[in-house]
Amino acid sequence: MMMMKLIVTPNYYNYKPQTHSHTFTKKSLLLQVQYQTFNTCCCSYNSNSLEVEEQRKLVHQFNPKIPIEKAITPPSSWYTHPSFHSLELNQLFYKGWQAVGYTEQIKDPHQFFTARLGDVEYVVCRDDSGKLRAFHNVCRHHASILASGSGKKSCFVCPYHAWTYGLDGALLKATRITGIQDFNVKEFGLKPIRVATWGPFVLLNLEEEVSARLEIDDDLVADEWLGSCSKILSTNGIDTSLSFICRREYTINCNWKVHYFNVANKVLVKVFCDNYLDGGYHVPYAHKGLASGLNLDSYSTTMYEKVSIQRCESDSTESGDNFDRLGSKAIYAFIYPNFMINRYGPWMDTNLVVPLGPKMCKVVFDYFLEGSLKDDKAFIERSLEDSERVQIEDIALCEGVQRGLESPAYCSGRYAPTIEKPMHHFHCLLYDNLLMMSTPPYRIADVARLGG
């Protein structure tokens, strides 16, 4: 027997979770009641009422109103529970602006790159005229993934049945559809996604599909993504003048939040993010080589709306020779919920943490360098070796924390008040966003209570 669930939606094909309450009359509720099988995708963001109630209980196990001196950290269930992972995708990653790449990947017409965030496959490209665009990377025919990797294309051809799309998303060719009825080619273009840039970064907003003709206000994007930090970051060397050097990816067996705060090259995910945001707490103990090049007494942190900035000075050079990877000052910016920018010496590296499940994440490191050193192969190789060593140390830390979080001996911990304020700030932001859940699905009984 096919299981059914009752979904109440204002519009079947454009349903989005609502964060505000609704008052339904008998007539309006009955008009909006629709049945849907569990494997129907149109309302994939919905959770059943029992799951929503369970998620609310998990969120409320943390209290952001308690001052950091008395506060306890979120419970281990925030890092291990499958239902919590689903909630985070819907409330954090499918809403607001998300960093997904860098502008050099799509600087010329016909360039594109693809990736996945949660259940969303996407492609970012520049069309024939050079206009930046983004789409759901799914063929409208039978849902095949359309493009893969990155590179240059003049069009997207589905590998399954060769339906062909322009880089503006329009359906150009639908093969062997003779006899099809009620088919409007203009209605079967690729589904667009909002896309923008800030400095050297490419941003997506998965919250709603919009017309490809809709212009995006860059100042508004900067305000939504960075708040009051936009100018601070742009005036501290985080701009398009740097040259891209390389990308490295790490798959880590830990929750995306476990991330450690490791100065000057960090791996981050909630476990990963927590590690990044401990104010350098772990550096002298876990990264002795890195700590020797830093003046940890100069460490400072400042919190903004959705950004925390940590600053540190170095102890001149890391060794007796002329090699100086860290420079005299460093700035480490965490942009909620999962993006980090590390600017130190001639280098900038970014850490993008992509959740792969409750207990696994992928961290994407992109390295950028000042133009005067981009051809210095010896300097680049030595810098990347040092960075790699720190990453390996941090991966071991994060995976160890994840195993500890799964132990029955641990539930919650405490904060070090003077240095872990960024971590507490991160947890408070999580709490606020996770409470903005969609209204639980209405049941037939709800209709009956209205006299149906």
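**Exercise 1.** Which cysteine sulfur is closest to that of Cys254, and why is there no bond?

*Solution.* The model is predicted: local features require pLDDT of at least 70, side-chain atom pairs count only at pLDDT 80 or more, and totals for chains, interfaces and linings use all residues. Residues are numbered from 1 along each chain as its sequence is written, and side-chain values use heavy atoms, with hydrogens and water left out.

Step 1. A disulfide is a pair of cysteine sulfur atoms within 2.5 Å.
Step 2. The closest cysteine sulfur to that of Cys254 belongs to Cys361, at 4.1 Å, which is too far for a bond.
Step 3. For Cys398, the closest cysteine sulfur is in Cys254; the separation is 4.6 Å, so a bond is again excluded.
Step 4. Across the whole structure, the search returns zero disulfides.

**Exercise 2.** Determine whether Cys254 and Cys398 are buried or exposed.

*Solution.*
Step 1. Buried means under 20% relative accessible area, exposed over 50%, and partly exposed in between (1.4 Å probe, protein chains only).
Step 2. Cys254 has a relative accessible area of 0% and is therefore buried.
Step 3. Cys398, at 1%, is buried.

**Exercise 3.** Describe the surroundings of Arg343.

*Solution.*
Step 1. Arg343 lies in strand 18, residues 339-344 (strands are DSSP runs of E, at least two residues, numbered from the N terminus).
Step 2. With a relative accessible area of 10%, Arg343 is buried.
Step 3. The Arg343 side chain reaches the backbone oxygen of Trp347 at 3.1 Å.
Step 4. Residues touching Arg343 (heavy atoms within 4.5 Å), not counting those up to four places away in sequence, include Asn236, Lys329, Met348 and Glu370.

Methods. Helices (H or I, at least four residues) and strands (E, at least two) are DSSP runs, numbered from the N terminus. A polar contact is a pair of N or O atoms within 3.5 Å; within protein, one must be able to donate a hydrogen and the other to accept it, and residues adjacent in sequence count only if both atoms are side-chain atoms.
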